[in-house]
Amino acid sequence: QVQLVESGGGLVQAGDSLRLSCAASGRTFSAFVIGWFRQAPGKEREFAAAISRSGVNTYYADSVKGRFTISRDNTKNTAYLQMNSLKPEDTAVYYCAADSLLNRVIAGPSGLGAWGQGTLVTVSS
């Protein structure tokens, strides 16, 4: 299995940017699709972005499209989520997840193979 550790969260103001990292260890990183999910207080965990094994294909939730960019560096076993033009409604714990199936990652958080512990992003107005 693969182990994931997120970092890069923090407190920012609306309009600011943050870059989250998801560092992987264990099995071959490039064998996994990576997804970013988020969970706001009192809400269910939701899909934000996903990237294919090679990094060529990316997918976004409508709520983050045009503001967030997912990427990965398979030589560093790390995936990233660049978040620009942050809004207060982006406040959430952000998690990265790994799975073998792209469709399963895009479909939502249920049944995915591995998760990180999460990193908190707080956007003040």
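# A guided look at the fold

Visitor: What makes the protein chain agree with a compact globule?

Guide: The chain has 125 residues, and a compact globule with that many would have a radius of gyration near 14 Å; this one has 13 Å, which agrees. The radius is taken over C-alpha atoms, and the rule is 2.2 Å times the number of residues to the power 0.38. Along the principal axes, the C-alpha atoms fill a box of roughly 40 × 25 × 25 Å.

One bit of housekeeping: this is a predicted model, where local features need pLDDT of at least 70 and side-chain atom pairs count only at pLDDT 80 or more, while totals for chains, interfaces and linings use all residues. Residues are numbered from 1 along each chain as its sequence is written, and side-chain values use heavy atoms, with hydrogens and water left out.

Visitor: How many helices and strands are there, and in what order do they run?

Guide: You get one helix and eleven strands, running β-β-β-β-β-β-β-β-β-α-β-β from the N terminus on. Both kinds are DSSP runs numbered from the N terminus: helices are H or I with at least four residues, strands are E with at least two.

Visitor: How much of the chain counts as buried?

Guide: 42% of the 125 residues do. Buried means under 20% relative accessible area, exposed means over 50%, and partly exposed is in between (1.4 Å probe, protein chains only). As for the surface, the chain exposes about 6100 Å², with carbon and sulfur atoms supplying 48% of it. That area comes from the Shrake-Rupley method with a 1.4 Å probe; for residues, only the protein chains shown count as cover.

Visitor: Which residues touch the most other members of the largest nonpolar core?

Guide: Leu4, Trp36, Leu81, Met83 and Tyr94, out of 35 residues in that core. Strands S1 (2–7), S3 (18–26), S4 (33–39), S5 (46–51), S7 (68–73), S8 (78–83), S9 (92–99) and S11 (119–124) each supply at least two of its residues. S9 gives the largest share, five residues. To be a nonpolar core, a set must be made of buried Ala, Val, Leu, Ile, Met, Phe, Trp, Tyr and Cys residues joined through side-chain atoms within 4.5 Å.

Visitor: What makes Arg38 and Glu46 a salt bridge?

Guide: The rule asks for a side-chain nitrogen of Lys or Arg within 4 Å of a carboxyl oxygen of Asp or Glu. Arg38 and Glu46 come to 2.8 Å, N to O, so the pair passes. By this rule the count comes to five.

Visitor: What does Arg38 tie together with Asp90?

Guide: Arg38 also forms a salt bridge with Asp90, the closest N and O atoms being 2.8 Å apart. Arg38 lies in S4 and Asp90 in the loop between S8 and S9, so the pair ties together parts that are 52 residues apart in sequence. Asp90 bridges to Arg67 too, at 2.7 Å. Arg67 sits in the loop between S6 (58–60) and S7, so that pair ties together parts 23 residues apart. Arg38, Glu46, Arg67 and Asp90 are thereby linked in a network of salt bridges.

Visitor: Are those residues buried or partly exposed, and how do you know?

Guide: Set each value against the cut-offs. Asp90 has 1% relative accessibility, so it counts as buried. Arg38 at 6% is buried, and so is Arg67 at 11%. Glu46, at 35%, is partly exposed.

Visitor: Why does Thr78 count as buried?

Guide: Thr78 lies in S8, and its relative accessibility is 10%, so it counts as buried. Contact means heavy atoms within 4.5 Å; leaving aside neighbours within four places in sequence, Thr78 is in contact with Ser21, Cys22, Ala23, Phe29, Arg72 and Asp73.

Visitor: What is notable about the phi of Asn77?

Guide: The phi of Asn77 is positive, about 55 degrees, although Asn77 is not a glycine. Most residues other than glycine have a negative phi. Asn77 lies in the loop between S7 and S8 and is partly exposed at 32%. Ser85 also has a positive phi, near 50 degrees; Ser85 is in the loop between S8 and S9 and is partly exposed at 42%.
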